[in-house]
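Me: I am new to this structure and would like a close look at one part of it. Please take the place where two helices pack against each other, and then set it in its surroundings.

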Amino acid sequence: MERINQQFVSEGLRRARYITNERIETAIYLALALEKPLLIEGPAGSGKTEVAKVLAEMLQTELIRLQCYEGLDEARALYEWNYQKQLLRLQADEHRGLGWGEISEHLFSREYLLERPLLKAIAAPRKVVLLIDEIDKADEEFEAFLLELLSDFQVSIPELGTIRAVERPVVVLTSNRTRELSEALRRRCLHLFIDFPGIEQERRIIELKVPDLDARLAAEAARFVNALRKLGLKKPPSVAESLDWARALVRLGVGELNTDAVRATLGVLLKHEDDREKTQGKVPALVGRPG
Amino acid sequence: MSTLGEQVLRFVQRLRAAGVRISVSETLDAMNAVALAGIEMARMREALSATLIKDEADRPLFEELFIAFFRPPGEKREISRKRPGSGTSISPSSARSPGESPQTSRSSETPEPHPSAKPRKLGAERKSATPAQNPSAEFERLDARRGEATGQPKGEPREVGEQASSEIEAGRIARLHAIERTPFAGYSDLEYEQAREALGPLARRYRVRLGRRLRAAKAGRIDFRRTIRASLQRGGAFCDLRFRARRPRRVDLVVLADVSGSVRYSSTLMLEIIAGARAHFRRVRSFVYVDRLAEADFENGHLLMTPVLDLYARSDFGRVLGELWERRGELLNRATVLVIMGDGRNNRRPARADLLRETARLCRAVVWLIPEEPGRWGTGDSAIFQYAREVSAMLRSGNLRELEKALLEVA
């Protein structure tokens with residue numbers, strides 16, 4: 001992987017239209033160069049999953065995604081035999097009077113294997129990006145199982161033998177910290193914490209993704225959202241929501257960010273009634289803040 | 001080994017000494033990472049933090065040590081010259097030179113006369129923040145003020161200064177993390193408020209776990225769908241039977257929580273968690289007590305009790321047991337799990353452990369949650385050992401973590 005250098009990463013990120021800071025850039029670069037999984041933590045909607053998508057675009061490869069949830073097991077994450085198909089084949093072969101040796105030989109072949117995301121990523125002929133989303137939602141046993149996989153990138157299937165990764169996939173794990181991840185998993189990964197962007201960074205994101213919005217308005221919107229996040233709300237607005245809001249402002253043809261315009265569109269940013277009530281009274285102060 | 005490698009090693013040792021757990025393999029990663037990222041200051045910092053700091057709560061400490069360790073002395077003077085008399089901030093490097101421990105640097109900072117009359121506290125709050133992270137002085141001040149308002153749990157000196165960073169969520173997570181481990185004994189109203197904030201995710205997690213337990217079970221009614229699915233593995237023969245627990249489980253919960261001064265916080269938090277998981281029990285009756293029983297209810301996060309208790313009365317669990325016994329016909333049956341939260345401190349009034357024995361005979365189980373640490377059990381006016389003989393289980397619940405674990409065992 002000689003082509004991976006810092007410049008490649010920052011250019012790639014720019015090309016994929018992802019606005020970052022030094023911290024994110026360095027972490028991505030190191031994950032690629034050291035071939036280590038990257039564990040990303042941060043509040044919901046700060047762009048954790050986006051990193052994986054951008055990585056896939058940057059490396060011009062496929063993104064394989066495993067969404068974790070409580071009760072996720074190996075059969076859903078790794079592989080499963082396609083029993084229905086195997087049974088059909090078995091019945092068909094019986095009619096043809098084949099011996100067991102011949103039958104079993106192809107019955108347990110790749111053709112009857114249902115590849116789930118993890119196996120798919122390992123068996124892929126070229127480098128892919130594997131996104132293990134919300135790992136904190138999965139059970140602890142699954143985490144332990146994942147550890148083994150992440151350290152040697154190989155899977156043993158009793159009937160087939162060991163499948164080794166031809167090219168180690170780029171692994172991105174994300175976590176919202178609904179529960180503590182194990183030390184062992186943390187040790188094996190590089191760690192990146194993505195927080196909400198600062199005002200300047202958010203302004204650039206809004207300008208990039210909602211080019212129709214007036215530049216001055218974009219700056220004001222960024223400042224307003226940033227101030228909202230500091231009010232200690234139940235659910236502070238995410239980046240995705242502030243983009244939605246910017247689009248809403250464009251649609252409504254809002255010329256300047258005044259109290260009425262904000263009050264009318266607050267529902268796009270805040271999804272809890274409590275939060276809205278708490279904010280309503282403060283809108284004039286937040287809007288009137290001098291730049 | 002190169003000098004840079006040695007530097008990284010020494011830095012790792014410094015971090016370890018400050019309480020961050022770093023393995024050998026992570027150290028190797030860090031060296032490789034620095035070799036790749038180069039020694040440009042900002043890049044090196046991110047490379048080291050990505051490989052060494054796996055918990056965002058350790059980040060402020062890292063920032064502080066990094067500045068103390070890697071900033072060359074020359075640069076320090078340059079920065080302080082660049083902003084002559086800028087009273088609003090003490091530049092992070094000016095306060096500290098490499099190799100100095102935080103203590104000495106702080107004392108060396110005081111004799112140095114500072115050109116402005118800005119309150120010292122604000123500057124100290126912001127010491128660990130680097131200029132690059134602070135997009136606007138305006139919000140920085142807002143942040144610092146917020147930091148002062150929320151405060152920090154006691155006994156966590158290594159998180160000081162984290163409020164100062166311009167990052168919002170990181171600070172919140174570090175706080176939640178700390179509060180789950182703070183013993184209830186060290187609570188004040190401030191800690192209680194923080195615990196309430198942490199309670200949302202915790203209660204949700206509790207509900208999910210309870211719910212999940214109902215879905216898969218070792219015995220019970222056959223789960224038709226999962227059995228069929230499993231049978232496909234055996235060519236359609238029903239070898240593996242899959243079960244599902246009966247639903248709803250026949251658990252009637254009766255909760256008695258001591259709300260007198262000593263255990264007030266833990267009791268209220270427990271009642272709130274249980275109130276959130278109401279749907280998973282057949283029936284829940286919550287009571288609070290000091291010297292008498294009162295029915296408890298939650299409305300918008302506020303504890304309501306009927307009749308209203310005198311919170312400053314002297315607790316008397318013996319009398320409370322008597323009242324419970326009077327109402328046994330209405331409250332207790334074979335499906336009841338009685339949960340008692342309290343420290344068993346009875347002000348030397350009759351303990352009435354005999355009544356607890358009789359009560360336990362009527363219920364399926366009696367579980368006692370005790371927020372006190374084991375060393376203090378049975379000391380002074382505590383009658384806990386008399387009660388301990390009569391209950392099915394004594395579970396420690398000294399902080400939020402332990403409380404959650406104990407409640408899972410109850411269900």
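Reply: What follows describes one helix pair, then the chain that holds it, and then some details of the other chain. The model is predicted, and every value below is computed from it.

The part chosen is the pairing of helix 1 and helix 4 in chain B. Helix 1 of chain B covers residues 3-17, and helix 4 of chain B covers residues 59-70. Two packed helices are described by the angle between their axes and the distance between the axes. Here the two axes come within 11 Å, and they cross at roughly 140 degrees. An angle over 145 degrees would count as roughly antiparallel, so helix 1 of chain B is instead oblique to helix 4 of chain B. The crossing of these two helices is right-handed.

Which residues make this contact between helix 1 and helix 4 of chain B? From helix 1 of chain B come B:Phe11, B:Arg14 and B:Leu15. On the other side, helix 4 of chain B supplies B:Phe62, B:Leu65 and B:Phe69. By type, the residues of this contact divide into five nonpolar, no polar and one charged.

The surrounding chain comes next. Chain B has 17 helices and nine strands. It has 411 residues, and 35% of them are buried. Of the contacts in chain B between residues at least 6 apart in sequence, 67% join residues at least 24 apart.

Chain B also touches chain A: 35 residues of chain B are in contact with 31 residues of chain A. On the chain B side, at least two residues each come from helix 2 (24-37), helix 3 (41-52), helix 8 (137-150), helix 9 (169-179) and helix 10 (189-215). The largest share of that side, seven residues, is supplied by helix 2 of chain B. The residues of chain B that touch chain A divide into 15 nonpolar, eight polar and twelve charged.

Chain A can be read with its confidence in mind. Its average pLDDT is 85, and 98% of its residues score at least 70. Within chain A, confidence is lowest in helix 6 (residues 100-107), with a mean of 77, and highest in strand 5 (residues 129-133), at 94.

One residue of chain A, A:Leu90, lies in helix 5 (residues 83-96) of that chain. Leaving aside neighbours within four places in sequence, A:Leu90 is in contact with A:Ile103 and A:Leu107. The C-alpha atoms of A:Leu90 and A:Leu107 are separated by 7.8 Å, although the two residues are 17 apart along the chain. A:Leu90 counts as partly exposed because it has 14 C-beta neighbours inside 10 Å.

Some backbone angles in chain A also deserve a look. Most residues other than glycine have a negative phi. A:Arg17 is not a glycine, yet it has a positive phi of about 60 degrees. A:Arg17 is found in the loop between helix 1 (6-15) and helix 2 (22-34) of chain A, and it counts as exposed because it has 11 C-beta neighbours inside 10 Å. A:Glu134, also not a glycine, has a positive phi of about 55 degrees. The loop that holds A:Glu134 runs between strand 5 and helix 8 (140-152) of chain A. With 18 other C-beta atoms within 10 Å, A:Glu134 is partly exposed.

Methods. Residues are numbered from 1 along each chain as its sequence is written. Chains are lettered from A and ligands numbered from 1 in the order in which they are written. This is a predicted model: local features need pLDDT of at least 70, side-chain atom pairs count only at pLDDT 80 or more; totals for chains, interfaces and linings use all residues. Helices (H or I, at least four residues) and strands (E, at least two) are DSSP runs, numbered from the N terminus. A residue is buried if 20 or more other C-beta atoms lie within 10 Å of its own, exposed if 12 or fewer, and partly exposed in between; C-beta atoms are placed from the backbone. Two residues are in contact if their C-beta atoms, placed from the backbone, lie within 7 Å. Ala, Val, Leu, Ile, Met, Phe, Trp, Tyr, Cys and Pro count as nonpolar, Asp, Glu, Lys and Arg as charged, and the others, Gly among them, as polar. Axes are lines fitted to C-alpha atoms, for helices over the stretch in contact, and angles run from 0 to 180 degrees between N-to-C directions. Angles under 35 degrees count as roughly parallel, over 145 as roughly antiparallel, 65 to 115 as roughly perpendicular and the rest as oblique. A crossing is left-handed if the near helix is turned anticlockwise from the far one by less than a right angle, and right-handed if clockwise. pLDDT is the predictor's confidence in each residue, from 0 to 100.
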